[in-house]
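Student: Please take one helix of this model and go through it closely. I would like to know what lies around it and how it ends.

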Amino acid sequence: SASYYGPVLQAGYEAIKKASPNALVGMFGMWYHNLPHIQDFMTYLYSNGYGKYMDYMNFHYYNDSGDPAVSVGDRPSFDVWWQTMHSIASKYGFASKPIWVTETGWPNQDPQTQNAHLQYIMAQASSSQVVQKVFWFTINYGNQSKNIDPPSGPLPAFHTFQQIVQQKPRWG
């Protein structure tokens, strides 16, 4: 509930900034992929004055292994999710508040689809001017299903990710 989280965000932000004024403090990684929940949660934070207690907004983008370009029911596409957060922040005077995607990934049962989804997310984030960072959760995570560099060897998504990092080392 945002009503419980807002005071925690404020207290954490103030404590961190007191100890380290230049540290970046973000909100938690929102993971519940339900558009009405995202809208309600973010609106509550901003409408109740908590927008100033985060240097960046944050979410984890997993969409039940579906296509990140497509919304399904209340499950938002990648673009709808970040645009919703940005729109709400803008409405309350925080249009320049950046967004970080601190976890994302897709199962590697179909390496070409996994690679296409990685390319889509990175391209959309890069062109958004709002999404500043994307953290691919499973770069080298053993036999975990979303791994892009499993013990059997790197998948196409790993090579794509390497190229993106080489082209924009300070972005991704």
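Tutor: A convenient place to start is the residue after the helix: α4 is followed by glutamine 129, which has a positive phi, near 65°. The model is a predicted one, and that applies to everything below.

Helix α4 itself runs over residues 111–128. Its 18 residues, at 1.5 Å a residue, should span 26 Å, and the end C-alpha atoms are 26 Å apart, so the expected and modelled spans agree.

Next comes burial, with under 20% relative accessible area as the cut-off. The buried residues of α4 are Gln114, Asn115, His117, Leu118, Ile121, Met122, Ala125 and Ser128. An α-helix has 3.6 residues a turn, so residues three or four places apart point the same way. Among the elements covering the buried residues of α4 are two strands, β1 (57–61) and β3 (131–136), and two helices, α3 (78–91) and α5 (156–167).

For comparison, here is a helix pair elsewhere in the chain. Helix α1 (residues 2–19) packs with helix α2 (residues 35–47) at an angle of about 45°, and their axes lie 9 Å apart. The two are therefore oblique to each other, and their crossing is right-handed. On the α1 side the contact is made by Ala2, Ser3, Tyr5 and Gly6, and on the α2 side by Phe41, Tyr44 and Leu45. Sorted by type, the residues of this contact are five nonpolar, two polar and no charged.

Helix α1 also holds alanine 11, which counts as partly exposed because its relative accessibility is 46%. The C-alpha atom of alanine 11 is separated by 8.6 Å from that of tyrosine 53, 42 residues apart along the chain.

Methods. Residues numbered from 1 in each chain as written. Predicted model: local features only at pLDDT ≥ 70, side-chain atom pairs only at ≥ 80, totals over all residues. Heavy atoms only, no water. Axes fitted to C-alpha atoms, helices over the stretch in contact; angles between N-to-C directions. Helix = DSSP H or I, 4+ residues; strand = E, 2+ residues; numbered from the N terminus. Parallel < 35°, antiparallel > 145°, perpendicular 65-115°, else oblique. Left-handed = near helix turned anticlockwise from the far one by under 90°. Contact = heavy atoms within 4.5 Å. Nonpolar A, V, L, I, M, F, W, Y, C, P; charged D, E, K, R; others polar. Buried < 20%, exposed > 50% of the residue type's maximum accessible area, 1.4 Å probe, protein only. Expected span 1.5 Å × (residues − 1).
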